Amino acid sequence: FQQAGCYFQAFEEIYIGNDVWIGQNTGIITANHDLSDPEKHMKGKNVYIGDKTWIGMNCLILPGVVLGPNTVVGGGSVVTKSFPNGHCVIAGNPAKLLKIIECH
């Protein structure tokens, strides 16, 4: 479920699983600008968001990030690296692991 104000920059693939919630003003990007020429983009990388993931408001998901199932991303986070195992809460700039979610 995507809210208003989201930005999906898909130079490469963005995979979004089932039952994913994406808060307002979240950006998901697959390619950065070339440092030597901002009018060009670097080669992109796919982004994968697993099932039952919740991304809070005002987040930024960067190229190549993999979020496993049942990941919670705290509002305002900048996700620069992957958390492929999921079942966790991440937050911050850059986002870091705050808590493992125990499966019942």
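A nonpolar core is a set of buried Ala, Val, Leu, Ile, Met, Phe, Trp, Tyr and Cys residues joined through side-chain atoms within 4.5 Å. The views below are drawn from a predicted model.

**View A. The largest nonpolar core, with Val73 and its contacts.** This core has 18 residues, and those with the most contacts inside it are Ile28, Ile55, Ile61, Leu67, Val73, Val79 and Ile90. Two or more of its residues come from each of the elements β7 (47-49) and β13 (88-92). When neighbours within four places in sequence are left aside, Val73 is in contact with Trp54, Ile55, Gly56, Cys59, Leu67, Val79 and Ile90.

**View B. The aromatic pair of Tyr15 and Tyr48.** A search of the whole structure finds 1 aromatic pair. The ring centres of Tyr15 and Tyr48 lie 6.4 Å apart and their planes stand at 45°, so the pair is tilted. It links distant parts of the chain, since Tyr15 belongs to strand β2 (residues 14-16) and Tyr48 to strand β7, 33 residues apart. Tyr15 is partly exposed, at 38% relative accessibility, and Tyr48 is partly exposed with a relative accessible area of 38%.

**View C. Backbone geometry in the loops at Asn25, Lys52 and Pro94.** Most residues other than glycine have a negative phi, and most peptide bonds are trans. Asn25, in the loop between β3 (21-22) and β4 (27-29), has a positive phi of about 65° and is partly exposed at 43% relative accessibility. Lys52, in the loop between β7 and β8 (54-55), has a positive phi of about 55°, and at 52% relative accessibility Lys52 counts as exposed. A cis peptide bond, with omega about 0°, joins Asn93 to Pro94, and Pro94 is found in the loop between β13 and β14 (95-100).

Definitions and conventions:
Residues are numbered from 1 along each chain as its sequence is written. This is a predicted model: local features need pLDDT of at least 70, side-chain atom pairs count only at pLDDT 80 or more; totals for chains, interfaces and linings use all residues. Side-chain values use heavy atoms; hydrogens and water are left out. Buried means under 20% relative accessible area, exposed over 50%, partly exposed in between (1.4 Å probe, protein chains only). Helices (H or I, at least four residues) and strands (E, at least two) are DSSP runs, numbered from the N terminus. Contact means heavy atoms within 4.5 Å. Rings of Phe, Tyr and Trp (its six-membered ring) pair if their centres lie within 6.5 Å; planes under 30 degrees apart count as stacked, over 60 as edge-to-face and the rest as tilted.
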